[in-house]
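Visitor: I am new to this entry and should be grateful for a close look at a single part of it. Please take me through that part step by step.

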Amino acid sequence: MVIKTEPFVVNFGPAHPSTHGVFRMRMTLDGEVIVDMEPVFGYLHRGIEKLAEERTYTGCIPLTDRLDYTASMTNNFAYVLAVEKLAHVPVPARAEYLRVIMAELQRIASHLIAVGTFLNDCGAFMTPVLYMLREREKILDLFEMACGQRLTYNYMRVGGLSQDIPDEFVPALKKFVQVMPGWIDEYDQLLKENEILLARTKGVGILPKELAINISASGPVLRASGVKWDIRRADPYSIYERFDFDIPTGAVGDCYDRYRVRIEEMRQSVRILKQALKGLPRGKVRSDVPHLFRPPVGEAYGHIEAPRGELGFYLVSDGSIAPYRFHVRASTLINLTALRDMMVGWKVADAIITFGSIDICMAEVDR
Amino acid sequence: MTVPISGKEIARQIEKKFPQGIIESSPQALVVDGKSLLEIAAYLKNTRGLDFDYLAAITAVDYLDYFEVIYQLTSLKHNHSLVVKTRCYGRESPSLPSVVGLWRGADFQEREIYDLFGIIFEGHPNLRRIVLWDGFEGHPLRKDYLRW
């Protein structure tokens with residue numbers, strides 16, 4: 001017999017260790033079961049789109065660092081691609097390779113955080129996340145070598161990169177791509193068949209394929225639902241058509257699939273890194289673009305496959321030194337649209353796991 | 001490679017069906033009338049061969065004379081894309097029909113445009129401010145918004 005109880009409202013967040021930032025879920029509960037959920041956000045809204053309208057095109061690059069701060073390199077990448085499209089700027093081959101290397105390193109670093117904190121939410125408290133932070137540290141060391149920063153890199157420039165990598169970078173990266181697959185195997189040994197993890201994530205928070213497309217989900221969330229759509233393959237930007245890699249997809253779109261897709265993507269990123277290292281040419285890393293420049297009047301939409309999904313920048317130029325309009329297509333904001341559908345009918349304890357499996361960064365959701 | 005479909009080509013294809021609907025077309029974009037937006041969007045989504053099943057992004061731009069709303073449509077099936085634009089006039093209560101019924105991915109994005117530009121999307125199930133708080137006055141991404 002099911003006992004009916006009076007529905008009541010619980011505010012989950014905004015400050016809660018499992019909300020990964022300041023995010024509030026207004027949940028209506030019937031006993032333990034979620035009958036309705038409304039996401040509330042905006043606590044971290046800084047008006048980046050408005051701020052960018054008063055900065056030069058180069059001056060906007062540090063702003064993009066502050067969108068999704070666990071994936072600053074890919075934010076830089078998407079933005080400079082959009083500006084290059086707008087202003088028709090060529091990029092030297094060495095810079096293209098280094099951009100791909102940085103983007104794939106960033107994907108691994110971001111997925112490590114995503115998977116680590118997700119496992120934290122699942123109850124594997126702190127051990128997996130500390131293992132993964134250990135590996136992420138190596139990537140941050142590489143970034144620090146290249147640009148001196150560990151979080152907000154500000155490394156890419158319109159027409160290339162701010163500076164070339166130092167001599168010790170390539171040997172360190174070679175060592176990293178050698179050991180990283182072994183580390184991923186280590187996580188798999190610990191977790192892939194773990195009974196508790198399977199019980200808590202298999203079949204939980206299912207996002208069906210049709211719904212995933214309809215709500216414009218992207219990145220691992222879309223692919224876990226069985227849609228083989230990766231912008232690196234579907235609409236190759238930079239030099240991605242030169243690399244050989246697979247697109248991992250899930251079968252049912254539950255939390256476990258999203259977790260698996262991220263793990264497999266890390267392996268594929270290592271594959272790309274190995275190929276990019278082999279092909280890395282010599283030469284300059286920046287074409288001659290002044291810091292202040294005026295793109296022709298027009299508009300451009302540049303998008304890339306960021307770790308969390310499709311990250312796009314829509315820029316409108318009125319011929320001046322600053323963008324007339326600067327819009328960020330934030331993948332995590334749009335992925336959140338599915339949250340209610342994934343949660344209703346499940347219990348409160350599953351809500352945290354479902355939310356963690358989407359992998360959001362509030363700084364990007366709110367901008 | 002995602003093939004960008006020319007706005008002119010689509011305009012040729014649909015001008016008989018929606019004679020009033022098309023304002024202008026260029027290789028980059030198709031500009032449609034706000035009143036016909038929903039019909040044309042439904043046609044683009046449901047016609048075989050076009051199948052624009054994925055709404056990649058929506059955004060708005062304030063040109064002071066009018067607001068332009070830009071829809072980046074993609075078809076995951078055929079891997080092609082199209083940019084559809086529409087315009088709305090007036091500073092008091094500019095309005096457009098909501099496309100949430102066709103692509104639910106528009107939900108938060110339309111709310112954000114309403115929040116920051118003040119464009120009202122008619123038919124949106126929950127059109128409230130999303131990043132700013134309910135009592136906030138004005139719409140900050142408008143070009144005539146004064147900060148303080």
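Visitor: At which residue does H6(A) bend, and by about how many degrees?

Guide: This is a predicted model, in which local features need pLDDT of at least 70 and side-chain atom pairs count only at pLDDT 80 or more, while totals for chains, interfaces and linings use all residues. Residues are numbered from 1 along each chain as its sequence is written, and chains are lettered from A and ligands numbered from 1 in the order in which they are written.

H6(A) bends at Val179(A) by about 30°, the bend being the angle between axes fitted to the seven residues ending there and the seven starting there. A proline, Pro181(A), follows within four residues. The helix (a DSSP run of H or I, at least four residues, numbered from the N terminus) covers residues 169–191, 23 in number. From first C-alpha to last, H6(A) reaches 32 Å, close to the expected 33 Å; that expectation is 1.5 Å times one less than the number of residues.

Leu173(A), Val177(A) and Met180(A) are the buried residues of H6(A), where buried requires 20 or more other C-beta atoms within 10 Å of a residue's own, exposed 12 or fewer, and partly exposed lies in between, with C-beta atoms placed from the backbone. In general, an α-helix has 3.6 residues a turn, so residues three or four places apart point the same way. Among the elements covering these buried residues are helix H5 (127–147) and H11 of chain A, judged by contact, meaning C-beta atoms, placed from the backbone, within 7 Å.

Notes:
Helices (H or I, at least four residues) and strands (E, at least two) are DSSP runs, numbered from the N terminus. Two residues are in contact if their C-beta atoms, placed from the backbone, lie within 7 Å.
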